[in-house]
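Here's a quick tour of some packing, charge pairs and backbone oddities. Have the model open while you read.

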Amino acid sequence: MTEEHHTTEQELIQHRIDKMERIRARGDEPFKYAFSRTLTLGELCRQFEALEAGATEEKPAELTAQALAGRIVAIRDQGKSNWIDLRDESGKVQVFLGKKQVGEEVFETLKDLNIGDFIGVRGAVRRTRRGEITLWAESYEMLTKSLRPAAEKFHGLKDVETRYRRRYLDMVSNPEVLETFRKRVTLVNVMRTWLASRGFLEVETPMLHPIPGGATARPFITHHNTYDRDLYLRVAPELYLKRLIVGGFERVFEINRCFRNEGVDTRHNPEFTTMELYEAYQDYMGLMEETEDMLVHVIESVVGGPSFQYQGHAIDVTRPWKRMTLHDAIREHAGIDLESTRDRDEAARRAESIGVDIAPNMDYGKIVDEVMSERVQPHLIQPTFLYDYPIEISPLAKKKRGDDTLTERFQPFIACLEIGNAFSELNDPIDQRARFEQQVGLRESGDDEAQYLDEDFITALEVGMPPTAGLGIGIDRLAMLVTDSASIREVIMFPQLRTV
């Protein structure tokens, strides 16, 4: 009975177990320890792409016999021959297994193969009359027997929840998913190389914090048994990285996880990856130039040039990028002026006049931020820097020179995605204490995302931190951009999901 005649999942699994037992009964092992390949499938295709249709390859004898391995993704039984498609990480190749070539006894064992099995094959390479590079197999061996059919037998896994929950099935069924994650890895490697080439030192800072700091966010709480104390999964590495600047390093960066106990949507996941860097003797305008240079280099390296498509938008990252103050952007895209007033109620009235809902507990800075998110960000399709943010929403940034109501802060946006956040870092310990105390007041009034007062960080600033600029880049958001992914879950290998 063929696999297609089994209707339940358990019947399908038992059918494959029966085949596994037949393999063992023949004295073979269905779960091998290793297999020596001569080439990956991608290498084979590149090496023999000049091979003429219908001809065997005419390379030296030692290259004639090839040993390939991969997962079976298709089987076409034509009676006296089987055509099998093998796939590995690098590509896909067709394999011909004929009764005449492998012998009748071996050919009979092909009935124990299933889509999903890993096999190794040996033989010569030729192109078929249709021009497809094919391994004419002289022998094969089972490497791993797949006991569970992949979704829809490799014709594609479409259910989004199942794709994320069982990412291994997603990758097996949808090869383009491997390419998405390959681009993500390339992105991180290119960024790391760019930073190292400019003298930035990669460091690692704690994931468990006694005080959550460095960002306005609700933390995850855990407990350390030996010390009998609660600790927090870090919401940002910022305060530890700046401690390193105090200690004497001048250019540091870290690429690692952060954790925020916040809502989940297409742009937010509670566990995410950031790159944060800090550079002594730099300010936000100098860092803006460096950020533009780095992002252009990274994006072009991954997508192959300055122009690409993202969710139907034609994006061009060619320098220079557009730059606007936050208040100018609100005037242009939202049609209201929030710069001419510092009165909270008047700002709320102006925001509500354009349909932005304002909660009673929002202060002036959060009102500006809400208007930006709802009415400005959707217009920021081409690369744009917004800069000079209200002091209320930037507790770790230096005041703007000449205007104490603003801070020296910028954010890059591409395709309506907020890609990062940067400041001229606040290094005045007295000012920093006052900002922290204001945040404590917000927490006491019910804002559970407001920051804590970190006495040790204040002590570090009292020791002295040189003028410094800092930047955080959301790796997941940037990966969404270069892979044309609408959801952050598409670029996180194992995103957080609800319990089934």
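Is Arg 26 buried, partly exposed or exposed? Arg 26 is partly exposed, at a relative accessible area of 40%. (The classes here: buried is under 20% relative accessible area, exposed is over 50%, and partly exposed is in between, with a 1.4 Å probe and protein chains only.)

## Ground rules

You're looking at a predicted model, where local features need pLDDT of at least 70 and side-chain atom pairs count only at pLDDT 80 or more, while totals for chains, interfaces and linings use all residues. Numbering starts from 1 along each chain as its sequence is written, and side-chain values use heavy atoms, with hydrogens and water left out.

Helices and strands are DSSP runs numbered from the N terminus: H or I over at least four residues for a helix, E over at least two for a strand.

## Salt bridges across the chain

A search of the whole structure turns up 47 salt bridges, each one a side-chain nitrogen of Lys or Arg within 4 Å of a carboxyl oxygen of Asp or Glu. Back to Arg 26: its side chain meets that of Asp 112 in one such pair, 2.6 Å from N to O. Arg 26 sits in the loop between α1 (9-25) and α2 (41-47), and Asp 112 in the loop between α5 (104-108) and β4 (118-127), so the bridge ties together parts 86 residues apart in sequence. Asp 112 is buried, at 1% relative accessibility.

Next up is Asp 283 with Arg 401, a salt bridge of 3.0 Å from N to O. This pair links distant parts of the chain, 118 residues apart: Asp 283 belongs to the loop between β11 (271-280) and α10 (284-303), Arg 401 to the loop between β16 (399-400) and β17 (403-414). Asp 283 counts as partly exposed at 25% relative accessibility, whereas Arg 401 is exposed at 56%.

## A charged network around α10

Which residue forms a salt bridge with Glu 292? The partner is Arg 323, with the closest N and O atoms 3.5 Å apart. Glu 292 is in helix α10 and Arg 323 in strand β14 (residues 322-325), so a helix and a strand are tied together by residues 31 apart in sequence. Glu 292 is buried at 2% relative accessibility, and Arg 323 is partly exposed at 30%. The pair is part of something wider: through shared partners, salt bridges join Arg 198, Glu 289, Glu 292, Asp 293, Arg 319 and Arg 323 into one network.

## α16 and its two helix contacts

Helix α10 also packs on α16: their axes come within 10 Å and cross at roughly 45°. (Axes are lines fitted to C-alpha atoms, for helices over the stretch in contact, and angles run from 0 to 180 degrees between N-to-C directions.) That makes the two helices oblique to each other; angles under 35 degrees count as roughly parallel, over 145 as roughly antiparallel, 65 to 115 as roughly perpendicular, and the rest as oblique. The contact (heavy atoms within 4.5 Å) is made by Leu 295, Val 298, Ile 299, Val 302 and Val 303 of α10 with Leu 478, Leu 481 and Val 482 of α16. By type, the residues are 8 nonpolar, no polar and no charged. (Ala, Val, Leu, Ile, Met, Phe, Trp, Tyr, Cys and Pro count as nonpolar, Asp, Glu, Lys and Arg as charged, and the others, Gly among them, as polar.)

Helix α8 (residues 175-197) meets α16 (residues 475-483) as well, at an angle of about 125° and with the axes 9 Å apart. So α8 is oblique to α16. On the α8 side the contact includes Thr 180, Lys 183 and Arg 184, and on the α16 side Asp 476, Ala 479 and Thr 483 are among the residues met. Here the split is 7 nonpolar, 2 polar and 3 charged.

## Backbone oddities

Most residues other than glycine have a negative phi, and most peptide bonds are trans. Now for some exceptions. The bond from Arg 319 to Pro 320 is cis, with omega near 0°, and Pro 320 is in the loop between β13 (313-316) and β14.

Ala 415 has a positive phi, near 55°, and Cys 416 has one of about 70°. Ala 415 is in the loop between β17 and β18 (417-418), and Cys 416 lies in the loop between β17 and β18. Ala 415 is buried at 4% relative accessibility, and Cys 416 is buried at 11%.
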